[in-house]
Amino acid sequence: MALISLLTSQHPSAAVLKAEHQRGWNRADPIPERGRNRDTQSIRTEKMLPATFKLCAAISYQHLRNMRGLRRQTAVTIGQELGRILCRSPGPGPWISHVRRRSSLLSSRLEEKPYSEMEMSYIKQGEEALQKSLSILGNQDGWKMETEVGNGDKVLSKVLPDVGKVFRLEVVLDQPLDAVYSELVDNMEQMGDWNPSVKEVKILQRIGKDTLITHEKAAAPPGNIVGPRDFVSVRCSRRRGSTCVLAGMATQHRAVPEQEGFVRAENGPTCMLLRPLPGRPSHTKLTWLLSIDLKGWLPKSIINQVLAQTQVDFANHLRQRLAGMGTPGC
């Protein structure tokens with residue numbers, strides 16, 4: 001019962017756990033006659049350990065999830081009770097050995113910081129952007145050519161009922177995938193150094209290893225046709241074998257409310273898909289799905305022209321950047 005006392009003393013809501021455990025205790029089978037020569041308490045404890053572990057799962061509830069001290073003490077108490085059983089019993093049952101292994105694994109992860117509800121919301125948004133982007137790219141029907149450059153770069157587009165007009169850039173870069181991925185993901189905040197369309201990219205928050213919240217300021221194009229825009233985005237990156245994906249969509253973050261002098265535009269779903277070129281692993285095929293609502297009172301013809309040209313220019317600037325950085329070792 002030490003574990004139940006611990007739970008009850010650590011959090012008022014845990015009192016309900018004690019009642020649940022007591023119901024399990026009352027349902028325990030009577031001690032068999034052949035076990036009378038063993039310590040009564042140890043037998044009852046061994047019988048009730050499965051119920052106890054079920055009870056411990058309550059610490060995964062939202063109101064107890066952030067109580068790392070409670071989780072740590074719970075794991076310690078579990079280990080102590082298992083140790084006493086092993087000392088009293090001739091040999092541990094298979095399930096006890098299994099639980100001890102699982103308890104050790106749990107103890108090693110106690111210091112991991114749980115995600116807040118807001119962080120989980122961002123993770124969900126990033127995953128949604130990734131799945132929706134891949135779904136759009138996976139549908140080959142309805143794409144129309146917007147522009148094609150002599151080096152093979154091309155921009156296609158189509159209109160989606162629930163998204164609007166989306167653009168798709170397809171280029172081949174004479175650099176290995178790791179170099180391209182490093183520049184676009186690892187060095188994301190340096191994009192303003194080589195892409196004239198971007199004034200600044202700032203990472204506002206990292207959530208785990210795959211999710212970022214970013215603030216991007218777009219540079220005003222020549223002639224100031226569109227005007228300065230900024231974006232707040234959640235980005236989700238994935239690497240699976242030889243395929244890399246960086247997806248994103250518009251979100252909100254308290255660190256960057258709408259700023260004077262900028263129109264808060266919205267993007268998404270957007271996605272950059274990187275894969276080695278078949279038969280030429282030292283080259284990378286980049287596919288960029290672009291979907292942006294620039295807001296403001298702008299003619300659609302101007303928006304479409306600007307977005308298509310932005311993708312073509314991006315490919316040229318990225319090539320120059322990669323050539324200047326050299327090819328890293330793989």
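**A friendly note on rings, a cavity and a cis bond**

1. Let's start with two aromatic residues: tryptophan 194 and phenylalanine 314 are both buried. Please keep in mind as you read that this is a predicted model.

2. How are these two rings arranged? A pair of aromatic rings is described by the distance of the centres and the angle of the planes. Tryptophan 194 and phenylalanine 314 form a tilted pair, with 5.9 Å from centre to centre and 45 degrees between the planes. Tryptophan 194 belongs to helix α9 (residues 191–194) and phenylalanine 314 to helix α10 (residues 300–325), so the pair ties together parts that are 120 residues apart in sequence.

3. The count of aromatic pairs comes to 2. Look for Trp288 as well: Trp194, Trp288 and Phe314 form one aromatic cluster.

4. Now for charges over rings. Arginine 168 lies over the face of tryptophan 143, 5.2 Å from the ring centre. Arginine 239 lies over the face of tyrosine 181, at 4.6 Å from the ring centre.

5. Tyrosine 181 turns up again in the lining of the largest cavity, together with Leu184, Val185, Cys244, Val245, Leu246, Met272 and Leu274. Two or more lining residues come from each of α8 (177–186), β7 (243–250) and β10 (270–277). The lining has 8 nonpolar residues, no polar ones and no charged ones. The volume of this cavity is about 30 Å³, and the count of cavities of 30 Å³ or more is 1.

6. Which peptide bond is worth finding in the loop before β10? Proline 269 sits in the loop between β9 (266–267) and β10. The bond from glycine 268 to proline 269 is cis, with omega near -5 degrees.

Terms used. Residues are numbered from 1 along each chain as its sequence is written. This is a predicted model: local features need pLDDT of at least 70, side-chain atom pairs count only at pLDDT 80 or more; totals for chains, interfaces and linings use all residues. Side-chain values use heavy atoms; hydrogens and water are left out. On a 1 Å grid over the protein atoms alone, a cavity is a set of points where a 1.4 Å probe fits but cannot get out, and a pocket is an open set with protein on both sides within 12 Å along at least five of seven lines; lining residues have an atom within 4 Å of a point. Grid points are joined across faces, edges and corners, and a volume is the space filled by probe spheres set on the points. Helices (H or I, at least four residues) and strands (E, at least two) are DSSP runs, numbered from the N terminus. Ala, Val, Leu, Ile, Met, Phe, Trp, Tyr, Cys and Pro count as nonpolar, Asp, Glu, Lys and Arg as charged, and the others, Gly among them, as polar. Rings of Phe, Tyr and Trp (its six-membered ring) pair if their centres lie within 6.5 Å; planes under 30 degrees apart count as stacked, over 60 as edge-to-face and the rest as tilted. Buried means under 20% relative accessible area, exposed over 50%, partly exposed in between (1.4 Å probe, protein chains only). A charge sits over a ring if NZ of Lys or CZ of Arg is within 6 Å of the ring centre and within 35 degrees of the ring normal.
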